[in-house]
Amino acid sequence: MKLFYQNKRIFILIVLLIFLATSILLVEKAIYQNKQFAPLEVSFLDIGQGDATLINFQKNYQILIDGGPSGKKVLQELAKVMPTFDNKIEIIISTHPDRDHFVGLIDVVKKYDIGQILINGQQSDDELWQEFQAEIARKNIQEEAVGEGSKLNIGSDFQMTFFNPDKIEKNRKAKNDSSVVARLDYSKNSFLFTGDAGFDAEADMIFDHENLDVDYLKVGHHGSRYSTSKFFLARVTPLWSIISVGENDYGHPTQETMDRLQKSGSEIFRTDQLGTITVKCPDKQKSCLPLH
Ligand SMILES: [Zn+2]
């Protein structure tokens, strides 16, 4: 009788152990399947009217360009595209001190470990910009101004090159035209991130013979009629154009810009229609694919 009870206990223990092991395996599998990353993923986050783009390189190196107008929204979307258990964003690029681009970054800086912050060199009296700067100082994060000629090399096949602002623009009044504009190259795939740059900045980059020809264009200033000129599009020749836009009173994206993009033969993707758009680059030699 005693032996029977002992055997029964061992039997129950074995069943419990098998159950536990299976549960752990299932949970791990779910996490893995949920977060299968391509070597490079670029996610244009659906954060309403504004910009927030996460570049995820090799699953462990992230660059966040702008944070949109709301901390709550950007944290929600980041949680979906950041690798599980990764609490570090290596670089934040704040393209210019406009609320629809930087306000969300305040909460991002509070929640995540940030390696470095790159700005366009402009400061602002906006109390929320001051709060953003205070948070950066409190967490002792290095902040640096970038512009034309700056470069960021992350491995031999992953580079960022900055085209804007240039020295002249630092004295300009127009905030949008002083946006950080950056090109990303990953092997044969290329992206152009334009912030809210308009005709002036575009003309300036054409004049400076910047290498503007890319596959993916983050359309300037949410599709404003004063951005994305036909001359600029003739240089960029984007196969795919992504418009980061939400409900707004400015008429973004405007029909004029949509027409220019269509005429250029580019395929158009909008965050207000598709939600967060992720471009996945499977490996160095192959082309990236937009998914949403
Ligand atoms: Zn904007």
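Two residues are in contact if their C-beta atoms, placed from the backbone, lie within 7 Å. The exercises below concern a predicted model.

**Exercise 1. Overall layout**

Determine how the protein is divided into domains, how far apart the domain centres lie, and how many helices and strands there are.

*Solution.*
Step 1. The protein is divided into domain 1, residues 1-34, and domain 2, residues 37-291.
Step 2. Between the C-alpha centres of domain 1 and domain 2 the distance is 49 Å.
Step 3. The C-alpha trace spans about 90 × 45 × 40 Å along its principal axes.
Step 4. The protein has 8 helices and 15 strands.
Step 5. Of the 292 residues, 42% are buried. Among contacts between residues at least 6 apart in sequence, 64% join residues at least 24 apart.

**Exercise 2. Helix 3 and its surroundings**

Check the length of helix 3 against the expected span, then state which elements its buried residues pack against.

*Solution.*
Step 1. Helix 3 covers residues 99-111, which is 13 residues. The expected span is 1.5 Å times one less than the number of residues, so helix 3 should span 18 Å.
Step 2. The end C-alpha atoms of helix 3 are 19 Å apart, in agreement with the expected value.
Step 3. A residue is buried if 20 or more other C-beta atoms lie within 10 Å of its own. In helix 3 the buried residues are D100, H101, F102, V103, G104, L105, I106, V108 and V109.
Step 4. These buried residues pack against strand 3 (61-65), strand 4 (88-94) and strand 5 (113-119), and also against helix 2 (71-81) and helix 4 (127-138).
Step 5. One of these partners, helix 4, has 12 residues and reaches 16 Å from its first C-alpha to its last, close to the 16 Å expected. After helix 4 comes N140, with a positive phi near 60°.

**Exercise 3. From the core to strand 9**

Identify which residues touch the most other members of the largest nonpolar core, and trace the contacts of A182.

*Solution.*
Step 1. The largest nonpolar core has 60 residues, and I92, V181 and A182 touch the most other members. Helix 3 supplies the largest share of this core, 6 residues.
Step 2. With neighbours within four places in sequence left aside, A182 is in contact with I93, M160, T161, F162 and F193.
Step 3. In strand 9, A182 stands opposite F162.
Step 4. Strand 9, residues 181-186, is mostly covered, with 5 of its 6 residues buried.

**Exercise 4. The seven-stranded sheet**

State the order of the strands in the open sheet of 7 strands, and follow the pairing from strand 7 to strand 10.

*Solution.*
Step 1. The order is 7-8-9-10-11-12-13, and the pairing is mixed. Strand 7 (151-153) and strand 13 (267-270) are the edge strands, each pairing on one side only. Neighbouring strands of this sheet are turned by 15° against each other on average, direction ignored.
Step 2. Strand 7 and strand 8 run antiparallel and are joined by 3 bridges. The bridge partner of N153 is Q159 in strand 8.
Step 3. Strand 8 (residues 158-164) and strand 9 are also antiparallel, with 6 bridges.
Step 4. Strand 9 and strand 10 (residues 189-193) run antiparallel with 5 bridges. Y186 has N189 in strand 10 as its bridge partner.
Step 5. The hairpin of strand 9 and strand 10 has 2 residues between the strands, and S187 in this hairpin takes a positive phi near 50°.

**Exercise 5. Backbone features in loops**

Locate the cis peptide bonds from N164 to P165 and from H252 to P253, and decide whether H222 and T237 are buried or partly exposed.

*Solution.*
Step 1. From N164 to P165 the peptide bond is cis, with omega near 0°. P165 lies in the loop between strand 8 and strand 9.
Step 2. From H252 to P253 the peptide bond is cis, with omega near -10°. The loop that holds P253 lies between strand 12 (240-243) and helix 7 (255-263).
Step 3. H222 is not a glycine, yet its phi is positive, near 55°. H222 is placed in the loop between strand 11 (216-218) and helix 6 (230-236). With 25 other C-beta atoms within 10 Å, H222 is buried.
Step 4. T237, likewise not a glycine, has a positive phi of about 40°. T237 is found in the loop between helix 6 and strand 12. With 14 other C-beta atoms within 10 Å, T237 is partly exposed.

How values were computed:
Residues numbered from 1 in each chain as written. Predicted model: local features only at pLDDT ≥ 70, side-chain atom pairs only at ≥ 80, totals over all residues. Domains from an automatic or database assignment. Helix = DSSP H or I, 4+ residues; strand = E, 2+ residues; numbered from the N terminus. Buried ≥ 20, exposed ≤ 12 C-beta atoms within 10 Å, placed from the backbone. Core = buried A, V, L, I, M, F, W, Y, C linked by C-beta atoms within 7 Å. Pairing = 2+ DSSP bridges. Axes fitted to C-alpha atoms, helices over the stretch in contact; angles between N-to-C directions.
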